[in-house]
Amino acid sequence: MASGWRGRDVISILDFTRGELEELFLEADKVKMALRRGGLQRRPLEGKLVALAFFEPSTRTRMSFEAAAKRLGAGTIGFTGPEGTSVEKGENLADTIRMLDAYADLIVIRHRYEGSALYAAEIAEAPVVNGGDGRQHHPTQAMIDLYTVREAHGRVEGLDYAVVGDLRYGRAAASFMLALTIFRPRRLYLVYPPQLAPRREVVSALERAGVRFERAELEEVIGEVDVLYVTRIQRERFPDPEEYERVRGSYRVTASMLEGARDSLVVLHPLPRVDEIDHSVDSTRHAWYFRQARNGVPVRMALLKLILGG
Amino acid sequence: MASGWRGRDVISILDFTRGELEELFLEADKVKMALRRGGLQRRPLEGKLVALAFFEPSTRTRMSFEAAAKRLGAGTIGFTGPEGTSVEKGENLADTIRMLDAYADLIVIRHRYEGSALYAAEIAEAPVVNGGDGRQHHPTQAMIDLYTVREAHGRVEGLDYAVVGDLRYGRAAASFMLALTIFRPRRLYLVYPPQLAPRREVVSALERAGVRFERAELEEVIGEVDVLYVTRIQRERFPDPEEYERVRGSYRVTASMLEGARDSLVVLHPLPRVDEIDHSVDSTRHAWYFRQARNGVPVRMALLKLILGG
Amino acid sequence: MASGWRGRDVISILDFTRGELEELFLEADKVKMALRRGGLQRRPLEGKLVALAFFEPSTRTRMSFEAAAKRLGAGTIGFTGPEGTSVEKGENLADTIRMLDAYADLIVIRHRYEGSALYAAEIAEAPVVNGGDGRQHHPTQAMIDLYTVREAHGRVEGLDYAVVGDLRYGRAAASFMLALTIFRPRRLYLVYPPQLAPRREVVSALERAGVRFERAELEEVIGEVDVLYVTRIQRERFPDPEEYERVRGSYRVTASMLEGARDSLVVLHPLPRVDEIDHSVDSTRHAWYFRQARNGVPVRMALLKLILGG
């Protein structure tokens with residue numbers, strides 16, 4: 001099958017068609033099965049190098065990309081945070097990317113500024129994968145989220161979804177909502193405090209795709225959905241600490257709240273969580289967030305494999 | 001030979017029998033010989049991943065585990081210090097361990113709090129190796145120390161030992177004393193300032209095992225022992241800097257002090273040292289601490305090999 | 001051909017003869033061709049470990065050594081900056097080097113103090129490569145620079161050179177000038193503000209080697225040279241910020257300044273640059289600094305290969 005994946009940049013989840021994502025999921029299935037049998041027979045990326053340019057700190061994304069690369073036989077180089085790098089000496093992003101492009105076969109970039117990954121992709125000859133930039137784009141997280149929904153429900157499209165928490169600054173939530181313009185939900189509930197409403201761009205994308213969505217309260221929707229996607233509400237978003245304390249209680253999922261949920265309900269969270277999902281939920285059958293985290297490695301392995309060939 | 005090592009957690013040196021430790025030492029002998037001949041013929045852990053979760057900084061332990069893993073063909077992922085990790089975002093230890101468990105085949109943890117490694121082992125499906133936690137447990141250091149004594153003397157049991165320095169907060173010293181409940185000394189001298197006396201738990205363990213020990217002064221014991229295990233006395237333990245300066249002089253080993261020592265005396269130190277062992281000692285035949293440090297890699301290779309099979 | 005490279009320390013560019021450097025360049029040619037064809041057929045350093053001891057931060061040098069080692073099949077261990085290492089606990093350099101010597105097959109060291117690499121080499125049994133120490137020595141950078149000149153002009157000797165910027169504290173500039181005592185230029189212009197004049201040692205080395213050099217202004221020499229080696233002028237060198245602003249303008253290369261340049265002129269820079277080379281230069285045929293950066297990996301691969309054999 002001719003693939004559009006080879007050598008490709010991964011900037012936004014919106015760059016991909018449903019068919020391409022399904023190709024990725026099939027590849028991830030294969031990888032996952034191989035890992036379960038004790039590892040891959042061959043090391044398809046032996047001799048390749050992946051650069052991890054984490055201008056903004058991250059544990060989960062960085063470590064799962066690193067694990068993915070190494071399980072495929074590739075090496076990694078890179079940095080976390082600007083400290084001790086040439087960026088601190090005043091080097092601009094373009095020159096840093098040119099350096100990484102000279103050293104590696106693929107660049108994963110995380111950066112606080114919107115558009116950094118796209119800019120890097122324009123400069124680099126090597127494929128660039130967005131490991132999270134700005135407020136909206138974290139496409140590989142969205143791929144993992146969709147893959148986990150597919151695993152739980154056998155399909156992604158036509159389900160009832162709620163997305164909960166910080167829909168304004170949380171890039172995982174934004175990417176997930178954008179992904180739902182590709183695999184359209186039956187219904188989509190958005191649950192957020194007024195300060196953390198989704199951005200205009202995300203709302204427009206949902207509208208253009210004809211996705212039906214409405215704002216709702218957490219308690220109302222728990223019984224109405226197949227997927228509950230919860231995200232962290234950061235203290236820093238609230239100038240008034242009391243306001244934060246008040247808001248946070250309303251967006252917190254506990255085991256007792258899930259008593260009226262559908263049997264099929266899966267609770268997702270991009271992690272790390274603080275207390276948006278109470279630990280009482282961990283032992284319910286609805287807790288899929290650890291499985292979701294586990295999917296980080298096989299999905300990213302599939303992605304690297306498709307892009308770098310082998 | 002059926003081995004109890006496969007898939008096993010390593011939390012405390014007390015979890016192991018004499019037979020199990022001897023099995024480890026034999027494996028370390030083999031590894032050491034292979035390294036001396038230029039490296040292993042095969043790479044038995046090819047395709048495996050070891051996670052290094054160093055919540056507390058460390059160079060020696062971290063780098064020697066990393067070297068051990070890589071010389072066996074395994075990859076490593078991990079972090080040092082909580083900066084830039086999801087722990088800083090408020091994630092609890094359990095979720096961090098679950099993540100590492102999802103990504104890697106074995107987890108090495110170092111943490112300042114007592115019991116962290118045990119807690120991690122209860123959460124993770126992958127084997128957990130304690131790279132040092134709290135004030136007492138640093139089991140792989142104790143394995144290296146015992147192995148070095150065996151190398152120097154041909155045996156571990158029945159020798160005369162002195163342990164010197166911070167017996168209260170130093171986890172290497174505590175682990176070494178605990179290890180001497182498994183391989184019992186003929187005599188054991190403990191040399192420490194009053195503020196840094198061994199903890200109740202360690203004293204009880206020695207008593208229960210029937211180990212004869214007594215407090216002594218450094219100068220008295222130097223001529224009486226086969227093994228002198230020296231550890232660092234940290235300035236931070238003394239509220240009064242003058243008190244520190246006074247104390248420190250009495251726990252410092254110099255070449256001239258070793259003139260009356262037994263021929264067979266070996267001086268050990270878990271390193272890094274500051275000035276507890278004067279550099280004049282380095283060129284004496286008693287200086288075994290660099291050989292002890294060199295044993296870090298083969299002993300940890302043997303350990304990883306026994307646990308992860310291959 | 002019998003090679004003097006095997007097992008060798010790399011402390012100063014002056015330790016090497018013209019013939020030895022030419023051997024390195026031929027090896028780099030081979031490596032570069034292999035990389036262009038998609039990587040090396042074999043992984044000649046499989047099972048080897050390279051320690052990267054960066055007491056002083058660096059991105060480019062560290063990452064290109066790491067990339068070089070990994071592309072050859074070797075693993076790497078190491079640290080960047082003294083934070084979180086045993087150096088912070090008061091360990092001296094000698095003990096840290098002994099530890100790395102115990103763990104790895106080759107040590108790359110970067111340190112702010114002159115002579116650190118030589119000192120490390122005296123302690124370690126493993127070969128030591130100077131990744132930059134003090135104000136004068138950065139021999140692998142000089143190797144990359146010479147290799148890039150050779151690539152651009154087909155030869156290194158007998159060309160007209162200018163070296164621009166901080167000739168006093170910049171170790172890349174100093175190493176490059178020292179390298180020109182091995183491959184002698186036809187003419188050598190030195191362009192620097194009075195505060196940043198080359199050190200006595202460098203001047204003496206040039207004199208002893210019979211290299212004709214003279215101080216000149218940037219504008220004067222641009223039309224007269226085949227190689228323009230530009231380096232950064234650091235703000236920190238100027239107690240008076242206004243003085244810095246005034247000086248900096250006179251050592252800045254722009255595209256329009258290059259209009260009267262020889263066709264063959266190549267502009268080099270060890271990078272990172274701040275604004276000593278205007279971005280307008282990037283798209284001219286004279287801009288060779290990115291190619292120079294790209295050469296970092298194949299030249300360092302050739303070096304590791306020659307030293308570690310395989």
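## Reading strand β5(B) and the A–B interface

Strand β5 of chain B is joined to strand β8 (residues 227–230) of chain B by 4 bridges, and the two strands run parallel; the model in which this is seen is a predicted one.

User: Which residue of β8(B) is the bridge partner of B:A162?

Analyst: Bridges can be followed residue by residue, and here B:A162 is partnered by B:L228 in β8(B).

User: How many bridges join β5(B) to β6(B), and do these strands run parallel or antiparallel?

Analyst: Between β5(B) and strand β6 (residues 187–191) of chain B there are 5 bridges, and the strands run parallel. Within this pairing, B:V164 stands opposite B:V191. On its way from β5(B) to β6(B) the chain passes through helix α6 (residues 171–179) of chain B, in a β-α-β crossover that is right-handed.

User: Which residues lie on each side of β5(B), and are they buried or exposed?

Analyst: A strand can be read one face at a time. One side of β5(B) carries B:D160, B:A162 and B:V164, the other carries B:Y161 and B:V163, and all of these are buried. Counted over residues 160–164, 5 of 5 are buried, so the strand is mostly covered by the cut-off of under 20% relative accessible area.

User: Why does B:V230 count as buried?

Analyst: B:V230, which lies in strand β8 of chain B, counts as buried because its relative accessibility is 0%. Leaving aside residues up to four places away in sequence, B:V230 touches several others, among them B:V164, B:V253, B:L268 and B:I277, and B:V164 is itself one of the buried residues of β5(B).

User: How many residues does each chain bring to the contact between chain A and chain B?

Analyst: Residue counts and buried area are best read together. Chain A brings 22 residues and chain B brings 26, while the two chains bury about 2,100 Å² between them, with 51% of it on carbon and sulfur atoms. Of the area that chain A buries against chain B, 28% is supplied by A:M63, A:R71 and A:R294, more than any other three residues.

User: How many salt bridges does the rule find across this interface?

Analyst: The rule finds 4 salt bridges between chain A and chain B, one of which joins the side chains of A:R273 and B:D95 at 2.6 Å, N to O. For polar contacts it finds 9 residue pairs across the interface, both residues at pLDDT 80 or more. On the side of chain A that touches chain B, α2 (60–71) and α10 (289–294) each supply at least two residues, and α2(A) gives the most, with 8 residues.

Methods:
Residues are numbered from 1 along each chain as its sequence is written. Chains are lettered from A and ligands numbered from 1 in the order in which they are written. This is a predicted model: local features need pLDDT of at least 70, side-chain atom pairs count only at pLDDT 80 or more; totals for chains, interfaces and linings use all residues. Side-chain values use heavy atoms; hydrogens and water are left out. Buried means under 20% relative accessible area, exposed over 50%, partly exposed in between (1.4 Å probe, protein chains only). Two strands pair if DSSP finds at least two bridges between them. A crossover is right-handed if, with the strands pointing away from the viewer, the path from the first strand over the helix to the second runs clockwise. Contact means heavy atoms within 4.5 Å. Buried area is the accessible area (1.4 Å probe) that two parts lose on being put together, summed over both. A polar contact is a pair of N or O atoms within 3.5 Å; within protein, one must be able to donate a hydrogen and the other to accept it, and residues adjacent in sequence count only if both atoms are side-chain atoms.
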